[in-house]
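The following exercises concern the pockets of a single protein model. Each task is followed by a solution in steps.

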Amino acid sequence: MEKTSEGVRAVERALAILQAFTLEDSQLSAIELARRVGLSRPTLYRLLYTLENQGYIVSEGDPQRFSLGPAVARLAHIWAAGLDLPRLARPVLQQVWEQTRETVALFVPRGDLRLCVAELPCPQPLSFKRGVGYSEKIERGASGRAILAYAAPTAAQLARYSQALDIEPARLQRDLAQVKKKGYAESHDELMRGATAVAAPFFDRAGAVAGSIGVFGPAVRLDKDRVASLAALVTRAAAELSAMLGHAERAPGAA
């Protein structure tokens, strides 16, 4: 039991070393690592030697600095290749559904469209739902514009999207800028009469927008105050999903 506990402690310490690296601090000195993980220099160097020997850490320079190695990239590639986004997002969507009891859906971009890949329908008699597999133009609706605002559309794309909406490109550009400022999008009576939607974008580990989480319900239940609370809820949920995908924490409204 004592040997087992010691082994578990060594694994926990090794993982703490790997988790000490961030996008902002991709290279760290031994002193910086020791400060972050709270290990003595001898223990730290023993673990660094083992991690480097296995390819999880690489070192260079004088003074010596450490960074993540190719073995970490290999694991990340395997994880990404086998990623099942709807399954990964299910607990996050479930939390939103339990707190709202409205329809909650997960959308991903597909060219000029957005596609619903997961949906938890509202259990109440008066509700709005479309189902998995439903697609719509990306410029229409809250869940679409939550994606589009962070997709950096070209001038030609903006012109095409604006024409479909029958508005000026400058108006659409202002609307998307407002979505980015708030960190979420909302729509009222846009795709279905009497329906209100609130959606927030989530991001992959490279920082690219990967989709949106939306909540949909009748306007009679989703008044101004409720929309504000839903906006905060879906923004937090989207940030949680982004973190699960490996994206660094993003403040709401950040570009």
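**Exercises on two pockets**

**Exercise 1.** Determine which element gives the most to the lining of the second largest pocket, and characterise that pocket.

*Solution.*
Step 1. In this predicted model, α8 makes the greatest contribution to the lining of the second largest pocket, with 6 residues.
Step 2. The volume of the second largest pocket is about 300 Å³.
Step 3. Its lining comprises 15 residues, of which R145, R171, D175, E186 and E190 are the closest to the centre.
Step 4. Two or more lining residues come from each of α8 (169-182) and β7 (185-188).
Step 5. Sorted by class, the lining of the second largest pocket holds 6 nonpolar, 3 polar and 6 charged residues.

**Exercise 2.** State the volume of the largest pocket and identify the residues closest to its centre.

*Solution.*
Step 1. The largest pocket has a volume of about 780 Å³.
Step 2. It is lined by 20 residues, and those closest to its centre are L68, V72, A76, R205 and G246.

**Exercise 3.** Which elements each supply at least two residues of the lining of the largest pocket, and how do the lining residues divide by class?

*Solution.*
Step 1. The elements that each supply at least two residues are α1 (2-19), β3 (65-68), α4 (70-81) and α9 (224-244).
Step 2. Among the contributors, α4 gives the most to the lining of the largest pocket, with 5 residues.
Step 3. The class count for the lining of the largest pocket is 13 nonpolar, 6 polar and 1 charged.

Key:
Residues are numbered from 1 along each chain as its sequence is written. This is a predicted model: local features need pLDDT of at least 70, side-chain atom pairs count only at pLDDT 80 or more; totals for chains, interfaces and linings use all residues. Side-chain values use heavy atoms; hydrogens and water are left out. On a 1 Å grid over the protein atoms alone, a cavity is a set of points where a 1.4 Å probe fits but cannot get out, and a pocket is an open set with protein on both sides within 12 Å along at least five of seven lines; lining residues have an atom within 4 Å of a point. Grid points are joined across faces, edges and corners, and a volume is the space filled by probe spheres set on the points. Helices (H or I, at least four residues) and strands (E, at least two) are DSSP runs, numbered from the N terminus. Ala, Val, Leu, Ile, Met, Phe, Trp, Tyr, Cys and Pro count as nonpolar, Asp, Glu, Lys and Arg as charged, and the others, Gly among them, as polar.
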